[in-house]
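Hi everyone, thanks for coming. Let me put the structure up on the screen, and then I'll walk you through it.

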Amino acid sequence: MPLSCQDGGRAGWHHAIARGTPVCVAGKLASLRRVTEPESDLAGHPDRLRWNERYGAGFTPSFTPHPLAVAALALDLPAGPVADLASGPSGSALLAAAQGRPVTAVDVSEVALGLLGQEARRRGLDHLITLVHADLGAWRPEPGRYALVLATGFWDPGVFAVAVRAVAPGGVLGWEAFTMAARQARPGLPAEWCLGPGEPATLLPGHMSVVSQEDVPGAPRGTRRRLLARRAGPEVP
Ligand SMILES: C[S@@+](CC[C@H](N)C(=O)[O-])C[C@H]1O[C@@H](n2cnc3c(N)ncnc32)[C@H](O)[C@@H]1O
């Protein structure tokens, strides 16, 4: 089972993708100097295969931070790291690192992580970004660790529950995903990838309060909903 190694990579060193950027691969900290086979339990993972193809030859990442990340990072956050879940080649992770925060970027696509790692190194930010190659369905972060947990363009209620637990006291959760309304524009979009009415705010536990939740009508490829929520704690103003 893929495990997080954002806390030090106890399982040891492992070679994988990219060049010179520390990366966690299924629980192992990697010094990434060459491409090798991924962990066997991810090798045939359908999301990995699909997204590796999407991010493959011909794909040019913009590295533009997601608007939700920009908004979240402008909030009053406690000290501490940021987790970017289903990060892709994330401009949001780069923005958080540029603000001096350690960032853990988790994605099932090692191609995406390689692109992010290369850009982080180009910007001199690689020492702040830990890349975790894992299926989020199996990734288990340390509870209460992150000042900001961010996920954009991804939905899974089980992962959401895990992400909520990873938010530090006074910290913030930011999430954006398709709503059921998006299926009108994209009938092939599976219902389980879409937020139901009121979600994800309705799924928050009592110690999390909604900062904002709004639909983003007219979003490319269908309607999306954005949530910012804050965990109660000593850092709450
Ligand atoms: C629509 S992209 C969003 C990327 C980025 N967060 C953004 O907003 O541009 C979805 C991302 O989720 C990742 N992903 C899909 N299924 C996953 C899974 N089971 N575990 C981890 N990452 C996954 C994909 O590799 C891809 O990078």
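**A walk through the model**

Let's start at the ligand, which has 17 residues around it, the closest being Trp51, Ala86, Gly88, Thr152 and Gly153. A residue is near a molecule here if its C-beta atom, placed from the backbone, lies within 6 Å of it. Sorted by class, that shell holds six nonpolar, eight polar and three charged residues. In this scheme Ala, Val, Leu, Ile, Met, Phe, Trp, Tyr, Cys and Pro are nonpolar, Asp, Glu, Lys and Arg are charged, and the others, Gly among them, are polar.

Before we go further, please keep in mind that this is a predicted model: local features need pLDDT of at least 70, side-chain atom pairs count only at pLDDT 80 or more, and totals for chains, interfaces and linings use all residues. Residues are numbered from 1 along each chain as its sequence is written.

How confident is the predictor? pLDDT is its confidence in each residue, from 0 to 100. The chain has a mean pLDDT of 85, with 82% of its residues at 70 or more. Two stretches need care. Over residues 1-22 pLDDT stays under 50, and the model has 82 contacts beyond four places in sequence for them. Residues 26-38 also stay under 50, with 50 such contacts. A contact means that the C-beta atoms of two residues, placed from the backbone, lie within 7 Å. Where pLDDT is low, the predicted coordinates should not be read in detail.

Now the overall fold. The chain has seven helices and ten strands; these are DSSP runs numbered from the N terminus, helices being H or I of at least four residues and strands E of at least two. Of its 237 residues, 48% count as buried. Buried means 20 or more other C-beta atoms within 10 Å of the residue's own, exposed means 12 or fewer, and partly exposed is in between, with C-beta atoms placed from the backbone. Among contacts between residues at least 6 apart in sequence, 60% join residues at least 24 apart.

Which strand shall we follow through the sheet? Let's take E5, residues 103-107, where five of the five residues are buried. Val103, Ala105 and Asp107 point one way from E5, while Thr104 and Val106 point the other way. On one hand, E5 pairs with E4 in the parallel sense over four bridges; strands count as paired if DSSP finds at least two bridges between them. Val82 has Val103 of E5 as its bridge partner. From E4 the chain passes through H4 to reach E5, a right-handed β-α-β crossover. Right-handed means that, with the strands pointing away from the viewer, the path from the first strand over the helix to the second runs clockwise.

E5 also pairs with strand E6, residues 129-133, again in the parallel sense, over five bridges. Here Thr104 stands opposite Thr130. Helix H5, residues 110-122, carries the chain from E5 to E6 in another right-handed crossover.

Then there is E7, residues 146-152. Seven of its seven residues are buried, so the strand is largely enclosed by the rest of the structure. E7 pairs in parallel with E4, residues 82-85, over four bridges, and with E8, residues 167-178, over six. Look for Val149: Ala83 stands opposite this residue, and in E8 its bridge partner is Leu173. The route from E7 to E8 goes through helix H6, residues 157-166, and this β-α-β crossover is right-handed as well.

Finally, some backbone details. Most residues other than glycine have a negative phi, and most peptide bonds are trans. Ala86, which we met beside the ligand, has a positive phi near 55°. Ala86 sits in the loop between E4 and helix H4, residues 91-98, and counts as buried because 23 C-beta neighbours lie inside 10 Å. Phe63, in the loop between H2 and H3, also has phi near 55°. Is Phe63 buried or partly exposed? With 18 C-beta neighbours inside 10 Å, Phe63 is partly exposed.

The peptide bond from Glu199 to Pro200 is cis, with omega near 5°. You'll find Pro200 in the loop between helix H7, residues 182-185, and strand E9, residues 208-216.

Note on methods. pLDDT is the predictor's confidence in each residue, from 0 to 100.
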